[in-house]
Structure formats: structure tokens, C-alpha cells
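Here are a few exercises to work through with the model open beside you. Try each task before reading its solution.

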Amino acid sequence: MEVYPAAEQIMHDALEIVHGVEIKHKRKVKVKKIVVGVGELSGLDLHELSKVLAGLIEDSALDRCQMELLELPGNVACRCGFQGRPRLFRLKERVVAECPKCKKEELLVHGGEGVSVEKVELA
Ligand SMILES: [Zn+2]
């Protein structure tokens with residue numbers, strides 16, 4: 001996953017959540033903090049993502065809100081029957097997941113691949 005599209009998706013989702021709250025309460029709200037889940041299989045560098053996100057936040061309605069990035073564990077299934085968190089290897093920009101039981105890399109990914117807004121805290 002690329003850093004910029006991931007950051008844009010997070011901003012889009014966060015603003016949508018805030019917009020929903022504003023409609024429900026019929027007033028503008030101020031966001032104190034957003035908590036973002038980053039799947040460990042996404043290959044995203046948390047440091048780089050937080051830098052890009054900070055720039056987008058500054059130019060948006062979320063200006064001055066804090067952000068917290070949480071790395072979420074991957075969840076995969078393997079043909080050998082294993083299900084759970086894979087072993088990970090980082091090869092340059094890519095993350096390779098391996099079954100810890102049989103060492104195969106053909107895994108069915110159930111989670112931990114993308115980014116998501118986990119929580120929006122209002123001021
Ligand atoms: Zn396996």
C-alpha cells in the first residue's frame with residue numbers, strides 16, 4: 001500500500017465520521033484526536049505515514065487534532081490449517097508474510113492489510 005493514498009483514505013474516513021456526528025448533533029464539533037489502525041501487512045511505514053497525515057491534517061477541518069497510529073496484527077489462514085498471525089519479513093518496500101507452521105507464503109489474508117480510523121475523540 002502506498003503512503004499517500006493510505007493517508008488520503010484515512011482523512012476521508014475521519015472527515016466522514018466527523019460530518020456524521022455534526023449532522024446528528026446539528027452543530028460543528030472539534031476533534032481532539034483520531035486513532036488510526038495500520039495493518040502490519042500493509043507494508044506502510046508508520047513514521048512516514050504519520051508525517052504525511054500530519055501535513056494533510058494541518059490543511060483540513062481536523063487542524064490541530066492529535067493523531068495516534070496503532071499497528072494492527074495481521075490475520076491469515078494457511079492450507080496447512082494454521083490460522084492467526086503470520087511471521088513477517090520486510091523486503092525493501094514490501095512485507096512478506098509466511099506461515100509460522102509450514103513456512104508457505106500462499107496465505108489467505110483475513111485482516112491487517114489496510115488502514116482504518118479506529119476512533120475519533122471530540123474535544
Ligand atoms: Zn501453513
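**Exercise 1: two helices**

In this predicted model, α1 and α2 pack with their axes 9 Å apart, at an angle of about 50°. Work out which angular class this pair belongs to, and which residues make the contact.

Solution. Start with the angle: values of 65 to 115 degrees count as roughly perpendicular and those under 35 as roughly parallel, while the rest, up to 145, are oblique. At about 50°, α1 is therefore oblique to α2. Next comes the handedness: the crossing of α1 and α2 is right-handed. Now list the residues: α1 contributes Val3, Tyr4, Ala6, Ala7, Ile10 and Met11, and α2 contributes Glu48, Leu49, Val52, Leu53 and Leu56. Finally, sort them by character: 10 are nonpolar, 1 is charged and none is polar.

**Exercise 2: the sheet**

Find the strand order of the open sheet, and explain why β2 and β8 each have one side without a neighbour in the sheet.

Solution. The sheet has 3 strands in the order β2-β1-β8, and its pairing is mixed. β2 (66–72) and β8 (115–122) stand at the edges with a single partner strand each, so one side of each has no neighbour in the sheet. From one strand to the next, the twist averages 20°. Look at one pair in detail: β1 (residues 31–39) runs antiparallel to β8, with 7 bridges between them. In this pairing, Ile34 stands opposite Val120 of β8.

**Exercise 3: helices on strands**

Which strands does each helix lie across?

Solution. Helix α1 (residues 3–25) lies across β1 and β8, at about 40° to β8. Helix α2 (residues 46–58) lies across β1 and β2, at about 150° to β2.

Key
Residues are numbered from 1 along each chain as its sequence is written. This is a predicted model: local features need pLDDT of at least 70, side-chain atom pairs count only at pLDDT 80 or more; totals for chains, interfaces and linings use all residues. Two strands pair if DSSP finds at least two bridges between them. Helices (H or I, at least four residues) and strands (E, at least two) are DSSP runs, numbered from the N terminus. Axes are lines fitted to C-alpha atoms, for helices over the stretch in contact, and angles run from 0 to 180 degrees between N-to-C directions. Two residues are in contact if their C-beta atoms, placed from the backbone, lie within 7 Å. A crossing is left-handed if the near helix is turned anticlockwise from the far one by less than a right angle, and right-handed if clockwise. Ala, Val, Leu, Ile, Met, Phe, Trp, Tyr, Cys and Pro count as nonpolar, Asp, Glu, Lys and Arg as charged, and the others, Gly among them, as polar.
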